[in-house]
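Hi,

Here's the structure I promised to pass on to you. Have a look at it first, and then read on for what turned up.

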Amino acid sequence: MAAKRFTVITLGCKVNRTQSDALAAALRAQGAEPSHLSTAELVIVNTCTVTAEADAKSRKAIRRAAGSSLQPWVIVTGCGAALDCAQFADSGERVLLIPNRDLARDKALELLGIAGTRNERPNRFGRGFRTRVTLLAQDGCDNACSYCVVPLVRGCAQSVPPSRVVSQLKQARQAGAREIVLAGIDLGAYSAEGLSLVGLIARLLAEGDDFRIRLSSVELRSLDDGVLELMAGSNGRLCAHLHIPLQSGSDRILAAMRRNYRVQDYLERIAQAKKLLNNLAITSDCIVGFPGETDDDFDQTRAACIQAGFSRIHVFRYSKRPHTAAARLPGHLDGATLVARSANLRQLAARLKSDDALQRVGTVEQLLIERPGIGRSESYHLVEVADAPAVGALCAAQLFDFKNGKLLGRRIPTSATPRCAVVEDCLLKPAGVR
């Protein structure tokens, strides 16, 4: 009998991608096969609602799936469905709205007629998945940023027990994964069974020396010296790359956003971090066009990005979200201004990315090979390597040039990475102890 075919369409962040991978893995474990949308019998659309643009993309994806010639079942799940099911209500008779992803998975197995047909463990590595595996360590958020609906759809901060994270890590390693991305909505708030984020990372690193870990995103208040010390002492096994949202370079706008830091706090902490780790790459998020943002506020954001020396910036146009405090603020900007400022900051981001890459010429970085001849550096740059090993492998490369948006590297031999004392030290400390 031919395998059942499905497609998972993902909108939004790394956490959504992690949950989409889990959905796909659960279906594959029961014998279903991923396919192109045109040949899928069932489509799962994992929606995002962080911006109005994300909602629009979700609706477009649903319409496209429902309009496929095979007339597949379409299951709509995720944050967009949880916040506002009504926006998808008229999508078609074969479109099912199931906000809860676990229930969506169960319904998908039922519709494909494969529920419980096999007894395999879901695996999120290998054919059809990315070369890095993302582990969800934390979900939900206790912050109250004035523009954000995430706490409404994902609830309060909650941490995954370390034993479960370790179990997922072991499975990924056994399957061949060599880079693990630790993800969460507010990852730095991790706290479970006496372990803080630093303790969790140390516990994972102690599982072996044939993989590396990358952190998805941490808030400024979570960037304590413990994370930096562990990173500095890990011999590249904890990637010297941090994604730390800035959102705005204006203290006035940060206050209106209900962010809990000043621009100077942010820049000083970044400078301290780079002093401790001179190869550290910092990427960030910035929102342009927040209500009341003036030309001067925007110029301050540009200046802060330059001073921070970001290697990558995710630029978001402010989006008026229902049920948020920012939606009620005066001074909402027109669409043309949002588009212009977004384009302006993206141009700056491209320049800063090139600047950071050029500064790395002459250094050595470990790469994860993502496709033939192309690797992702510890600092999250793409590197072209002529004599690269197989896709999914780790290797070290001497970076010697930067052309056409990519660093160029030569593979160099490396010996096994030793375990470091700082990892063992972190394992002995309870949560919150420095």
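There is 1 cavity of 30 Å³ or more in this structure, and please keep in mind throughout that the model is predicted. The space inside the largest cavity comes to about 30 Å³. If you want to find it, look for the residues lining it: T283, S311, R312, K353, S379, Y380 and H381. By class, that lining splits into 4 polar, 2 charged and 1 nonpolar.

One of those lining residues, T283, also takes you straight to a sheet. In strand 13, T283 is the bridge partner of H243. Strand 12 and strand 13 (residues 281-288) are parallel, with 3 bridges between them. They belong to an open sheet of 3 strands, ordered 12-13-14 and paired in parallel. Strand 12 (241-243) and strand 14 (312-317) are the edges here, each pairing on one side only. From one strand to the next, the twist averages 15°. Packed on this sheet you'll see helix 12 (residues 335-359), which touches strand 13 and strand 14 and points at about 175° to the direction of strand 14. Two more of the cavity residues are worth locating while you're in this part: R312 and K353 are both in the lining.

Just before strand 12 there's a backbone detail to check. N235 sits in the loop between helix 8 (225-232) and strand 12. Its phi is positive, about 55°, although N235 is not a glycine. That caught my eye because most residues other than glycine have a negative phi. Is N235 buried, partly exposed or exposed? With a relative accessible area of 46%, N235 is partly exposed.

Now jump back to the start of the chain. There you'll find an open sheet of 5 strands in the order 2-1-3-4-5, with the pairing parallel. Strand 2 (33-34) and strand 5 (95-97) are its edge strands, each pairing on one side only. Strand 1 (residues 5-10) and strand 3 (residues 42-47) run parallel and are joined by 5 bridges. To get your bearings on that pair, find I9, which stands opposite V45 in strand 3. Helix 2 (residues 52-66) packs on this sheet, where it touches strand 1, strand 3, strand 4 (73-78) and strand 5, and its direction makes about 175° with that of strand 3. Helix 4 (residues 101-112) lies across strand 1, strand 3, strand 4 and strand 5 too, at about 170° to strand 4.

Helix 4 comes up again in the second largest pocket, as one of the elements that supply at least two residues of its lining. How much space lies in that pocket? The second largest pocket holds about 1,000 Å³. It is lined by 35 residues, and those closest to its centre are Q19, A22, D102, L136 and Q168. Helix 1 (14-29), helix 3 (79-83), strand 6, helix 5 (150-154), strand 7 and helix 6 (162-175) are also among the elements giving at least two residues each. Helix 1 gives the most, with 7 residues. By class, the lining has 15 nonpolar, 11 polar and 9 charged residues.

Strand 6 deserves a look of its own. In strand 6 (residues 133-139), 7 of the 7 residues are buried, so the rest of the structure largely encloses it. Strand 6 pairs with strand 8 (residues 179-184) in the parallel sense over 5 bridges, and T134 has V181 of strand 8 as its bridge partner. With strand 7 (residues 158-159), strand 6 pairs in the antiparallel sense over 2 bridges. There, Q138 is matched with S159.

Last stop: strand 19. Strand 17 (residues 382-385) runs parallel to strand 19 (residues 406-412), joined by 3 bridges, and V383 stands opposite L407. Strand 18 (residues 394-403) pairs with strand 19 in the antiparallel sense over 7 bridges, with D401 and L408 as bridge partners. Strand 18 and strand 19 form a hairpin with 2 residues between them. In its turn is N404, with a positive phi of about 50°. N404 is exposed, with a relative accessible area of 79%.

Cheers

Methods
Residues are numbered from 1 along each chain as its sequence is written. This is a predicted model: local features need pLDDT of at least 70, side-chain atom pairs count only at pLDDT 80 or more; totals for chains, interfaces and linings use all residues. Side-chain values use heavy atoms; hydrogens and water are left out. Two strands pair if DSSP finds at least two bridges between them. Helices (H or I, at least four residues) and strands (E, at least two) are DSSP runs, numbered from the N terminus. Contact means heavy atoms within 4.5 Å. Axes are lines fitted to C-alpha atoms, for helices over the stretch in contact, and angles run from 0 to 180 degrees between N-to-C directions. On a 1 Å grid over the protein atoms alone, a cavity is a set of points where a 1.4 Å probe fits but cannot get out, and a pocket is an open set with protein on both sides within 12 Å along at least five of seven lines; lining residues have an atom within 4 Å of a point. Grid points are joined across faces, edges and corners, and a volume is the space filled by probe spheres set on the points. Ala, Val, Leu, Ile, Met, Phe, Trp, Tyr, Cys and Pro count as nonpolar, Asp, Glu, Lys and Arg as charged, and the others, Gly among them, as polar. Buried means under 20% relative accessible area, exposed over 50%, partly exposed in between (1.4 Å probe, protein chains only).
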